[in-house]
Amino acid sequence: MGVLRVIGDSLRVGVDAQSLERVHQLDDLMRTALPLARRVVVLSPDRDSGCSFVAGHLCTVLAARRQGRVLAVNASGRRESLLAFAGVTTDARLDGNTQRRRAGARSAQEATDPLVRAPSGPYALDLGCDTTSPSSESTWLESVQPAGRFFDVTVTDLGVWKPLEHAAVLDAQHVALIVTSATRDGLQRALDLGLHLQPRGVTPHVAVVDSTAGANTALPAILKQSPFPASYVPFLRRADRNQTPAAYASLPLKGRLAMLELAAGIVEACGGAR
């Protein structure tokens, strides 16, 4: 019989006695005090790698485990972004006037009042822009950065990395979570991207999303050779496909534990970032 441990308001992890100590360790790490206003960007060198899946569940875990506010930002230009996987079902876009007032916020209330809040905890902001647009960088900088000081962690789903369009946004981050598929080519591109970002002062962390149900048995050994932290994330479908996207508690146990491990790694990276 597993031990049921309640984590936050919406996250429940059932673990056996052998795993319980590790869950307690991760729980303590998730509560680590961080420097103010950490910024995490989630991006991928390739399409259809599970970037939004990882980003949405990361926001859910962070909001459940940490006392500070978490802001989830969709800058991917896609409808099924991290917001959908965090359980946001209403329009999270802001009109121009509201956005400008929020950018000048002088209190947490002014920064959060216009925002939708997901049932899983994070606040949500949909930039509603096409990331191929030349204005996408300025849109993020004007919409996210000024009021970002009122949030413990801001997680931005950037989608597929575009070197020319995303440079300024990446330079404003503390941690880059690079999501890739569990293939040799995908992992190599993710590592190359991480090595490219390190000299810019951004701390890289790789998440390898495995949709093969663990068929690649060599993957754990490969990840240990990464030049920077790398996490394994099984891509697991919801048990009930009619549920609202991102019903986190509906993920199988190994998926929830993997996301808890990843989120703890991101907190640790945020603590050590510039």
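Arg38 turns out to be buried in this predicted model, because its relative accessibility comes to just 7%, under the 20% cut-off for burial. This arginine is part of strand β3. Along the sequence, Arg38 and Gln173 are separated by 135 residues, yet their C-alpha atoms sit 7.8 Å apart in space.

Next door in the chain is Ala37, which belongs to the loop between α1 (17–30) and β3. Its backbone is a bit of an oddity: phi is near 55°, a positive value in a residue other than glycine. Ala37 is buried too, since its relative accessible area is 13%. Asp48 also has a positive phi, about 55°, without being a glycine. This aspartate is found in the loop between β3 and α2. Asp48, however, is exposed, because its relative accessible area reaches 73%, over the 50% cut-off for exposure.

Helix α2 picks up after that loop and covers residues 51–65. There are 15 residues here, so at 1.5 Å a residue the helix should span 21 Å, and the end C-alpha atoms are indeed 21 Å apart. As for solvent, α2 is mostly covered, with 15 of its 15 residues buried.

Helix α8 (residues 184–197) tells a more two-sided story. With 14 residues, α8 reaches 20 Å from its first C-alpha to its last, close to the 20 Å expected at 1.5 Å a residue. The buried residues of α8 are Gly186, Leu187, Ala190, Leu191, Leu193, Gly194 and Leu197. Looking down the helix axis, these buried residues fall within an arc of 160°, so they line one face of α8. Turned away from that buried side is a face with the exposed residues Arg184 and Asp185. What does the buried set pack against? The partners are β3 (38–44), α7 (167–171), β8 (175–181), β9 (203–210) and α9 (219–224). Strand β3, home of Arg38, is thus among the elements in contact with the buried residues of α8.

Then there is the empty space to consider. Rolling a probe the size of a water molecule over the atoms shows where such space is left. The second largest pocket has a volume of about 310 Å³. It is lined by 16 residues, and the closest to its centre are Asn74, Arg78, Arg79, Asp91 and Asp126. Sorted by class, the lining of this pocket is a mix of 5 nonpolar, 6 polar and 5 charged residues.

Key: Residues numbered from 1 in each chain as written. Predicted model: local features only at pLDDT ≥ 70, side-chain atom pairs only at ≥ 80, totals over all residues. Heavy atoms only, no water. 1 Å grid on protein atoms, 1.4 Å probe; cavity = no way out; pocket = protein on both sides within 12 Å on 5 of 7 lines; lining within 4 Å. Points joined across faces, edges and corners; volume = space filled by probe spheres on them. Nonpolar A, V, L, I, M, F, W, Y, C, P; charged D, E, K, R; others polar. Helix = DSSP H or I, 4+ residues; strand = E, 2+ residues; numbered from the N terminus. Expected span 1.5 Å × (residues − 1). Buried < 20%, exposed > 50% of the residue type's maximum accessible area, 1.4 Å probe, protein only. Arc of directions from axis to C-beta. Contact = heavy atoms within 4.5 Å.
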